[in-house]
Amino acid sequence: MCGDLNGHSPLWDDIQPADDRGKEIESSVIRKELSILNSGEPTRHSRITGNGSSPDLSLCGKKWEF
């Protein structure tokens with residue numbers, strides 16, 4: 001599953017501070033036993049500041065983790 005979830009958490013985004021949406025996503029990932037496939041690399045770059053972040057998230061079930 002992939003999506004532009006617009007949430008930040010240190011589990012997948014080391015650049016931006018955690019936010020409420022990121023905490024909600026974290027809870028769902030843990031509750032549903034999903035694996036985060038993001039490597040920590042930015043998935044978005046601001047045209048204004050040039051800074052990166054990772055609001056886009058790729059997930060899979062633990063069964064499919066490699």
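This is a tutorial dialogue on reading a few features of a predicted model.

User: What is the strand order in the open sheet, and how are the strands paired?

Analyst: A sheet is read strand by strand, by asking who pairs with whom. In this predicted model, the open sheet has three strands in the order E1-E5-E2, and the pairing is antiparallel. Strand E1 (2-4) and strand E2 (34-36) each have a single partner strand and stand at the edges, so one side of each is left without a neighbour in the sheet. Neighbouring strands of this sheet are turned against each other by 35° on average, with direction ignored.

User: How many bridges join E1 to E5, and how many join E2 to E5?

Analyst: Bridges link residues across two strands, and each one can be followed to its partner. Three bridges join E1 to strand E5 (residues 56-61), the two running antiparallel, and in this pair Gly3 has Leu57 of E5 as its bridge partner. On the other pairing, E2 and E5 also run antiparallel and are joined by three bridges, with Ser35 standing opposite Cys60 in E5.

User: How should I think about the side chains along such strands?

Analyst: In a regular strand, side chains alternate between the two faces of the sheet.

User: Is Asp13 buried or exposed, and which side chain of opposite charge is nearest?

Analyst: For a charged residue, it helps to look at its place, its burial and its partners in turn. Asp13 lies in the loop between E1 and helix H1 (20-31). Asp13 is buried yet has no salt bridge, and the nearest side chain of opposite charge, that of Arg44, is 9.1 Å away. The cut-off for a salt bridge is within 4 Å.

User: Which backbone nitrogens does the side chain of Asp13 reach?

Analyst: A polar atom of the Asp13 side chain lies 3.0 Å from the backbone nitrogen of Ile15, and the side chain of Asp13 also reaches the backbone nitrogen of Gln16, at 3.2 Å. Not counting residues up to four places away in sequence, Asp13 touches His8, Ser53 and Ser54.

User: Where is Ser54, and what does it contact?

Analyst: Ser54 sits in the loop between strand E4 (52-53) and E5. Ser54 has a relative accessible area of 0% and is therefore buried, the cut-off being under 20%. With neighbours within four places in sequence left aside, the contacts of Ser54 are Gly7, His8, Trp12, Asp13, Gly40, Glu41, Pro42 and Thr43.

User: What is the relative accessibility of Ile15, and which residues is it in contact with?

Analyst: Ile15 is also found in the loop between E1 and H1, and Ile15 counts as partly exposed because its relative accessibility is 41%. Setting aside neighbours within four places in sequence, Ile15 is in contact with Pro42, Gly52 and Ser53. By contrast with those contacts, Ile15 and Arg31 are 16 residues apart in sequence and 25 Å apart in space, from C-alpha to C-alpha.

User: Which residues have a positive phi although they are not glycines?

Analyst: Backbone angles can be read residue by residue, together with place and exposure. Asn6, which is not a glycine, has a positive phi of about 50°; Asn6 is in the loop between E1 and H1 and is partly exposed, with a relative accessible area of 45%. Glu33, likewise not a glycine, has a positive phi of about 55°; Glu33 is in the loop between H1 and E2 and, at 56% relative accessibility, counts as exposed.

Notes. Residues are numbered from 1 along each chain as its sequence is written. This is a predicted model: local features need pLDDT of at least 70, side-chain atom pairs count only at pLDDT 80 or more; totals for chains, interfaces and linings use all residues. Side-chain values use heavy atoms; hydrogens and water are left out. Two strands pair if DSSP finds at least two bridges between them. Helices (H or I, at least four residues) and strands (E, at least two) are DSSP runs, numbered from the N terminus. Axes are lines fitted to C-alpha atoms, for helices over the stretch in contact, and angles run from 0 to 180 degrees between N-to-C directions. Buried means under 20% relative accessible area, exposed over 50%, partly exposed in between (1.4 Å probe, protein chains only). Lys and Arg count as positive and Asp and Glu as negative; His and the chain ends are not counted. A polar contact is a pair of N or O atoms within 3.5 Å; within protein, one must be able to donate a hydrogen and the other to accept it, and residues adjacent in sequence count only if both atoms are side-chain atoms. Contact means heavy atoms within 4.5 Å.
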